[in-house]
Amino acid sequence: MTLLHDLGLWLWRLLPSNPILVRVVSTGGKRVRHLWARVAYLGVLFLVLLVMGGNAFSVQPASLAHLAKQSTQTFTAVSIVQLLLMCFIAPIFTAGAITQEKDANTFHILLTTPMSNAQIVLGSLISRLYFVWVLLIAGLPVFGITMLYGGVTTAEVFESFGLAASTGLITGCMAIFISIARVGTRRTIFAFFVGVAAYLVALGAIGMSAYGALPEAPLGVGLNVQMSWLAPIHPFLALSVVTGWTPAPSITDLGRFSWPWNWALANPASAYMVGCVLASIVLIVLSLAFVRTGAKEGEITWLSRVKGILALHDPTGERRRKPRHVWSNPIAWREAATRASAGGRSAFRWVVVALGLAAGFTLLLAYYNGWWGLSPARPNEARYWLTVLVWLQLAVILLLVTNTAATTLTREKESQTMELLLSTPLTSKYIVAGTLRGLVSFVVPLILVPPAVLLMFVFLDLGYGNAEWVTTPEAVLLAPLLVTGFAALAAMIGLQFSLLSKKTVPAVMISTAVVMGAAGLLWACGAALATGGWFFGSVVLPFAPFPALQALIDPTSVFRETQSTPSPDDLTAARVTRALTSFIAVAAYAAATYSIYNGLVRNFDMTVRRQSA
């Protein structure tokens, strides 16, 4: 009985009475910003419900079968949006759990308390996931509305919620692990968003292609697609099975697979949830080993002794550095020439550049060598994958630029160096211009990756004399201009919220939501207006980030919404119109960027001094 009593007391202190959990839940639940976060989350779901379920809620008479089909489509759209929000809301809430303590210099105080490593990790994780799962529960009535006309079962609703909750759990555990293993909120969120986006887009593109299809899976109703063998490890592919787009095969049809692979392919949603829980347990256990590692920095260990023996020191014991020339704008010099720049001088961005070029070169080799079903005789397949690759590169650029810009000014506030800047003769124009210099030096190598990949395909198509090219020559010129315009506006949006916010996490969360929300809204508006004909498509699509690059790579995409086959004259006219409109779009984005820049310089001193008061 004594052993059971001690075990129960340990479990009680581990979670229900965990001081971190009690403090965050009791105080954070009363904050107005969390209320507005729930309102915004429910507003997005309800807006999707109204847009997709417009026919179901109209006064026009309709059959029950039509209403049930409309409810199914509405449920699918709301589920996709809910899952997408969970992929980014959960890491934002959880990443700041440990890093905010470190930025405020209170993490060492936390380590001096009687709390164990498990209490610190689980308290920080569950206290942040509490708000994420509350958002999920708050959206349950929205899903209940989709069940009014049938077509959606209770099991499908709970499976959709299970996928979203498990996605929030695994992303939260990954964010906690990274934030504990690496000090600094900026780099935590910075790298994590890129990893999540790359994983979702890359595996999703493979899963939706013919290469990712599972032969044993039946065809979807009304769709000539099969379930992917990646569905047990990808949330959106698993959700497509739940919604009935890509039905899963029965376990009896998977005789060539052994357990547990046959069970996972027959039940991809359940396999994904189980895998997320098991992976989360592993990440939590690994996080326990890093809680107090940073606090021991400077202590003599066996590893430090080995490094001391192998290191070559100056026999005089002196450490000297060659003097460097500082520019007329010291902020610009610091951002461009030191490790204190906005994006840091780490090798991370060069890794992103190398991966982008390697992926483009691999696709090029696959196209001309006939790998993976690609062939010069069928350029459409290579064009599809090239579009996906460029989309992925653009998404990475926008996320990196937005996250970096959103942390430029908040890192000064959190490190309490903003007051030092204000006490110098530097004006707000010098400070903002210097910060932009760091962003420019950071993003230029990334912007050069998409045109470099497109140029490789243009040169090889020209050299081989193919009748139908994978991409267009003008895409090499227009793609960097458009990407620069998109990235510049995203950087200014990040800077704006970095000025208005006192902390890094809210700045990153809001700026990322605004940039990605605006990109999605422009995409939807462009697709809706493109139904008016190829001329409207050629004029409107260059203003939307992702469809703009697709229209450059594939000129026939402006005809796709009209379900018509373009004639050679119409295709030439569409390419000319699209090229001219692309220059206008770049000018429009530059004007919007300059407008935000002027407002940022004008309100800089007043905003910063008001926050310091």
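Here is a short walk through a few helices, two cysteines and one proline in this model. Keep in mind that the model is predicted.

Let's start with helix H12, which runs over residues 268-288. From first C-alpha to last, its 21 residues reach 30 Å, close to the 30 Å expected at 1.5 Å a residue. The buried residues of H12 are Pro268, Ala269, Ala271, Tyr272, Cys276, Ser280, Leu283, Ile284 and Ser287. As you read that list, remember that in an α-helix there are 3.6 residues a turn, so residues three or four places apart point the same way. And what lies over the buried residues of H12? The cover includes helix H6 (117-138), helix H8 (154-181), H10 and H11.

One of those buried residues, Cys276, has a relative accessibility of 6%. Cys173 is buried too, with a relative accessible area of 2%. Why don't these two cysteines form a disulfide? The sulfur of Cys276 is 9.6 Å from that of Cys173, its closest cysteine sulfur, and that is too far for a bond, because a disulfide needs the two sulfur atoms within 2.5 Å. The count of disulfides comes to 0.

Now step back along the chain to the loop between helix H10 (235-242) and helix H11 (261-266), where Pro260 is found. The peptide bond leading from Trp259 into Pro260 is cis, with omega near 10°. Most peptide bonds are trans.

Finally, jump ahead to helix H24, residues 545-553, which is mostly covered: 9 of its 9 residues are buried. Among them are Phe546, Leu549, Leu552 and Ile553, along with Gln550 and the prolines Pro545 and Pro547.

Note on methods:
Residues numbered from 1 in each chain as written. Predicted model: local features only at pLDDT ≥ 70, side-chain atom pairs only at ≥ 80, totals over all residues. Heavy atoms only, no water. Buried < 20%, exposed > 50% of the residue type's maximum accessible area, 1.4 Å probe, protein only. Helix = DSSP H or I, 4+ residues; strand = E, 2+ residues; numbered from the N terminus. Expected span 1.5 Å × (residues − 1). Contact = heavy atoms within 4.5 Å.
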